[in-house]
Amino acid sequence: MSVKQSVSLFSVGALGYMGIEVLARGHSHWTMGLTGGLCLLGMVNIHRRAARWPLPARCAAGAVLVTAAELAVGLTVNRLLMWNVWDYSDRWLNLWGQICPRFTLYWFLLNVPVALICDRNGIRSAAS
């Protein structure tokens, strides 16, 4: 993947993640833009490198990636820096108020169009 493609994907991920947050809760935070950009790059990388995996397995791997990123960013910005960007403490089965299964399901579903776009456009790693 070229630098130009990576920058474009990062930008789409950053704006998309922040846009979803604005639609869902009325506001976002710049750290979510960084997280969203990195997550989209990671999801595309998963779908490129694991192109032969079944779609549900690739989507599950992408969901785990985004959930792990959300946990890492949450522990940093909410717990360590105390910026209080979000708090899922009131959500079912939350972990330290930073992640919960409901959002992991959303990340799984978000991976479906990412996978389909990668598949449709023939985005594969050199090893595939």
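**Helix packing and loop residues in a predicted model**

T35 touches A69 and V73, when residues up to four places away in sequence are not counted. In this predicted model, T35 has its place in helix α2, and with a relative accessibility of 6% the residue counts as buried, because the cut-off for that class is under 20%.

The helix that holds T35 was examined next. Helix α2 has 20 residues, which at 1.5 Å a residue should span 28 Å, and the 29 Å that separates its end C-alpha atoms agrees with this expectation. Of these 20 residues, 14 are buried, so α2 is largely enclosed by the rest of the structure.

One of the partners of α2 is helix α1. The axes of α1, which covers residues 3–25, and of α2, which covers residues 30–49, come within 7 Å and cross at roughly 125 degrees. That angle makes α1 oblique to α2, and the crossing in which α1 passes α2 is right-handed. On the side of α1, the contact is made by S6, L9, F10, V12, G13, A14, Y17, M18 and E21, while α2 contributes W30, M32, G33, L34, G36, G37, L38, L40, L41 and V44. Divided by class, the residues in this contact of α1 with α2 are 13 nonpolar, five polar and one charged. In reading such lists, it helps to recall that an α-helix has 3.6 residues a turn, so residues three or four places apart point the same way.

A further contact joins α3 and α4. The axes of these two helices are 7 Å apart, and α3 and α4 pack at an angle of about 125 degrees; they are therefore oblique to each other. Here, too, the handedness was assigned, and α3 passes α4 in a right-handed crossing. The residues of α3 that take part are L55, P56, R58, C59, A60, G62, A63, V66, T67 and E70, and they meet F103, T104, W107, F108, N111, V112, A115, L116 and D119 in α4. The contact of α3 with α4 comprises 12 nonpolar, four polar and three charged residues.

Helix α4 itself runs over residues 101–120, and its 20 residues reach 29 Å from the first C-alpha to the last, which is close to the 28 Å expected at 1.5 Å a residue. The buried residues of this helix are F103, W107, N111, V114, A115 and C118, and these buried residues pack against α1, α2 and α3, the last of which covers residues 55–80. After α4 comes G122, a residue whose phi is positive, near 65 degrees.

Positive phi values were also found outside the helices. Most residues other than glycine have a negative phi, and two residues in the loop between α3 and α4 were therefore considered in turn. M82, which lies in that loop, has a phi near 60 degrees, a positive value in a residue other than glycine. At 59% relative accessibility, M82 counts as exposed, because the cut-off for that class is over 50%. L93 likewise has its place in the loop between α3 and α4, and its phi is near 55 degrees, again a positive value in a residue other than glycine. With a relative accessibility of 57%, L93 also counts as exposed.

Notes. Residues numbered from 1 in each chain as written. Predicted model: local features only at pLDDT ≥ 70, side-chain atom pairs only at ≥ 80, totals over all residues. Heavy atoms only, no water. Axes fitted to C-alpha atoms, helices over the stretch in contact; angles between N-to-C directions. Helix = DSSP H or I, 4+ residues; strand = E, 2+ residues; numbered from the N terminus. Parallel < 35°, antiparallel > 145°, perpendicular 65-115°, else oblique. Left-handed = near helix turned anticlockwise from the far one by under 90°. Contact = heavy atoms within 4.5 Å. Nonpolar A, V, L, I, M, F, W, Y, C, P; charged D, E, K, R; others polar. Expected span 1.5 Å × (residues − 1). Buried < 20%, exposed > 50% of the residue type's maximum accessible area, 1.4 Å probe, protein only.
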